[in-house]
Amino acid sequence: MWLINESYYAFSEQDIRLVEQVANQCAIALRQSRLYQAAQAQVQELERLNGLKDDFLSTVSHEPHPDDQHQNGYPDAGAEFTKRDGSETSAESVDRYLRVLKDECQREIGLINDLLDLTRLDTGTEPLFLTTINFPSWVAHLVEPFKERIYHQQQQLAVDVPAELPDLKTNPSYLERILTELLNNACKYTPAGR
């Protein structure tokens, strides 16, 4: 910024303050312009990432849906297992292997279903159906399958839900997925004896 005046004229305090104010406003405008450009770049990157996510979910949602009975049939197919040396394994270890395999199949089906649900919710093609449930009895039913796992892992689980809790309006399927995932993580990451 250049200030030009006649050689006999000296700038007054008021002139100097005015120029300082203009310079400050120009600096603020430049800074805001740079921030705006940075924000626009972030928006474009987020839009690009969102597009990639949408493409991925679209691809997954158009793949053949896993048939629960078909995929769950694999663990039941292994009636006899033999070791490399030709001897047969014990029925207990076969059962344990089949149980783990079946649990992993169920987990993968759940993940795929979660992705499909996310796609439907994101596109607005699946409405959210709410149902009224009695949470204390519902959660007791949900926790039941974890009791044996907790016992074998020498862990403890205490469910403390007030009996007088009012009924809850929710989508039971989604709530079950959330709480099941939390319980799975708790069993997985809680040390024995706790």
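Visitor: Let me start with the largest pocket. Which element gives the largest share of its lining?

Guide: That is helix H3, which contributes twelve residues to the lining. Please keep in mind that we are looking at a predicted model.

Visitor: How does one find a pocket, and what is the volume of the largest one?

Guide: The general idea is that a probe the size of a water molecule, rolled over the atoms, shows where empty space remains. Here, the largest pocket comes out at a volume of about 1400 Å³. It is lined by 29 residues, and those closest to its centre are Asp103, Arg107, Arg149, Thr180 and Asn184. Helices H3 (91-123), H4, H5 and H6 are the elements that each give two or more residues to this lining.

Visitor: How many residues of each class are in the lining of the largest pocket?

Guide: Sorted by class, there are 13 charged, nine polar and seven nonpolar residues.

Visitor: Let me step back to the whole chain. What is the order of its elements?

Guide: Starting at the N terminus, you read α-α-α-β-α-α-β-α. That makes six helices and two strands. The chain has 194 residues, of which 16% count as buried. Among contacts between residues at least 6 apart in sequence, 77% link residues at least 24 apart.

Visitor: How should I read a helix such as H4, and which of its residues are buried?

Guide: Look for the residues under 20% relative accessible area, then see where they fall around the axis. In H4 (residues 135-143), the buried ones are Phe135, Pro136, Trp138, Val139, Leu142 and Val143. Viewed down the axis of H4, they lie within an arc of 165°, so they line one face of the helix. Their packing partners are strand S1 (131-133), helix H5 (146-152), strand S2 (168-170) and helix H6 (172-189).

Visitor: Which residues make up the largest nonpolar core?

Guide: Here you follow buried nonpolar side chains that touch one another. The largest such core has eleven residues: Ile133, Phe135, Trp138, Val139, Leu142, Val143, Phe146, Ile150, Leu175, Leu183 and Cys187. H4, H5 and H6 supply at least two each, and H4 gives the most, with five.

Visitor: Let me pick one core residue. What does Ile133 touch, beyond residues up to four places away in sequence?

Guide: The partners of Ile133 are Trp138, Asp167, Leu168, Thr170, Pro172 and Leu175. One of them, Thr170, lies in strand S2.

Visitor: Is Thr170 buried or exposed?

Guide: Thr170 counts as buried because its relative accessibility is 14%. With neighbours within four places in sequence set aside, Thr170 contacts Phe129, Leu130, Thr131, Ile133 and Leu175.

Visitor: You also named Thr180 as one of the residues closest to the pocket centre. Which helix does Thr180 lie in?

Guide: Thr180 belongs to helix H6. At 22% relative accessibility, Thr180 counts as partly exposed, because the cut-off for buried is under 20%. Leaving out neighbours within four places, Thr180 is in contact with Leu142 and Phe146. Thr180 and Phe146 are 34 residues apart along the chain, and their C-alpha atoms are separated by 9.2 Å.

Visitor: What about Glu181: which helix is it in?

Guide: Glu181 is also part of helix H6, and its 43% relative accessibility makes it partly exposed. Its C-alpha atom is 9.8 Å from that of Arg107, a residue 74 positions away along the chain. Arg107 was among the residues closest to the centre of the largest pocket.

Visitor: One last feature, the backbone angles. What is phi of Gln154?

Guide: Phi of Gln154 is near 55°, which is a positive value in a residue other than glycine. You will find Gln154 in the loop between H5 and S2.

Visitor: Is Gln154 buried or exposed?

Guide: Gln154 is exposed, with a relative accessible area of 56%.

Definitions and conventions: Residues are numbered from 1 along each chain as its sequence is written. This is a predicted model: local features need pLDDT of at least 70, side-chain atom pairs count only at pLDDT 80 or more; totals for chains, interfaces and linings use all residues. Side-chain values use heavy atoms; hydrogens and water are left out. Buried means under 20% relative accessible area, exposed over 50%, partly exposed in between (1.4 Å probe, protein chains only). Helices (H or I, at least four residues) and strands (E, at least two) are DSSP runs, numbered from the N terminus. The arc is that of the directions from the helix axis to the C-beta atoms. Contact means heavy atoms within 4.5 Å. A nonpolar core is a set of buried Ala, Val, Leu, Ile, Met, Phe, Trp, Tyr and Cys residues joined through side-chain atoms within 4.5 Å. On a 1 Å grid over the protein atoms alone, a cavity is a set of points where a 1.4 Å probe fits but cannot get out, and a pocket is an open set with protein on both sides within 12 Å along at least five of seven lines; lining residues have an atom within 4 Å of a point. Grid points are joined across faces, edges and corners, and a volume is the space filled by probe spheres set on the points. Ala, Val, Leu, Ile, Met, Phe, Trp, Tyr, Cys and Pro count as nonpolar, Asp, Glu, Lys and Arg as charged, and the others, Gly among them, as polar.
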